[in-house]
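Visitor: Please take me through one part of this structure in detail, and start with the backbone angles that stand out. I would like one connected account rather than a list.

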Amino acid sequence: MTAPSSKQSTSSQPSPATEMVAADLTTVFNTLITGLHILHYNGVLDAYGHISVRNPNDGSNFFMSRNLAPALVANSSDLVEYRVEDAAPIDPNAPGGFLERYIHSELYKRFPSINSVVHSHSPQVVPYTFSGVPLRSCIHMAGFLGDEVPNFDITAHYEPGDNQDILIRSQRLGAALAAEFSSDRSLPNATQTEADHAVVLMQNHGFTTVASSIKLAVMQAVYTQVNAGIQTTALTIQNSNPNRNQQDLSFLSSQQAVKTWTTMSGTSDRPWGLWSHEVRSSNLYQNLLDPDQTQPAAPLL
Ligand SMILES: [Zn+2]
């Protein structure tokens with residue numbers, strides 16, 4: 001996910017464990033901020049939605065931005081470190097965060113292999129959360145969607161007294177969403193390393209995707225939206241054809257879904273290179289941690 005720094009452990013008698021090179025958090029934060037800007041540039045996030053990353057030096061914590069529109073996150077001071085255990089900030093004086101950070105904390109708690117989470121309200125994807133039409137893998141760039149994309153209905157998890165504003169505003173609701181990423185939802189936390197599903201829809205709300213790195217999480221979020229747009233176009237064409245037969249659309253087979261994503265996930269540096277160049281070239285975005293950002297700082301809009 002990130003390039004290791006040359007910083008070594010400060011232990012005077014290094015053990016094999018302490019000889020491990022600590023990840024450079026500035027590099028991690030640079031990638032996280034670029035990811036936020038890419039997701040905004042592609043319309044996956046607007047003023048809402050978020051991406052997080054597990055702390056590579058302490059897996060019991062994670063980072064995400066303070067309560068700020070994704071396009072306006074610019075520096076490490078805009079980021080807050082939270083505990084996986086309860087989504088509480090490490091620094092009690094940290095700036096205010098997102099109500100829905102329990103999405104992230106409970107996913108990191110349930111799946112130790114997950115290192116990045118994106119939550120989006122993509123308008124192309126949301127119709128598949130309440131129309132009864134399942135979102136399927138239509139293209140080779142979205143094989144990670146698999147055979148089916150679960151649709152999480154928060155209504156089934158409400159208890160008396162809950163604020164029914166659809167938001168994932170508690171550990172209990174976050175854990176219920178995280179369980180949807182398992183084929184067997186009855187499994188307790190952290191008994192599976194890997195999630196069975198890369199994407200879960202959220203009824204009348206959006207979707208969440210999980211990955212082992214920021215770059216893959218961003219790629220999955222972008223292509224979940226692209227796949228939804230293509231499927232909608234195909235359904236529109238099919239339904240507008242007076243001579244259509246009643247055959248369903250053709251989707252990727254199970255094997256095609258697995259094999260295409262095995263291939264395409266290994267190419268994430270290509271879209272990342274393009275997307276990071278696009279946001280670097282736009283005056284809207286500032287990433288003060290990006291060593292390649294050569295433009296003078298533009299005023300925040
Ligand atoms: Zn949301």
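**Two positive phi values and a buried strand**

Guide: Happy to! Ala190 counts as exposed, because it has 11 C-beta neighbours inside 10 Å. Please keep in mind that this is a predicted model. Ala190 sits in the loop between α3 (171-179) and β6 (199-202), and its phi is near 60°, a positive value in a residue other than glycine. As background, most residues other than glycine have a negative phi.

Ala87 also has a positive phi, of about 60°, although it is not a glycine. Its place is the loop between β3 (79-83) and α2 (101-110). Here the surroundings are crowded enough for the other label: Ala87 has 23 C-beta neighbours inside 10 Å, so it counts as buried, the cut-off being 20 or more.

From there, let's turn to a strand. Five of the five residues of β4 (residues 116-120) are buried, so this strand is largely enclosed by the rest of the structure. In a regular strand, side chains alternate between the two faces of the sheet. In β4, Ser116, Val118 and Ser120 point one way, while Val117 and His119 point the other way, and all are buried.

Which strands pair with β4? One is β1 (residues 50-54), which runs antiparallel to β4 and is joined to it by four bridges; there, Val53 stands opposite Ser116. Another is β7 (residues 206-211), paired with β4 in the antiparallel sense over five bridges, with Val210 of β7 opposite Val117.

Notes. Residues numbered from 1 in each chain as written. Predicted model: local features only at pLDDT ≥ 70, side-chain atom pairs only at ≥ 80, totals over all residues. Buried ≥ 20, exposed ≤ 12 C-beta atoms within 10 Å, placed from the backbone. Pairing = 2+ DSSP bridges.
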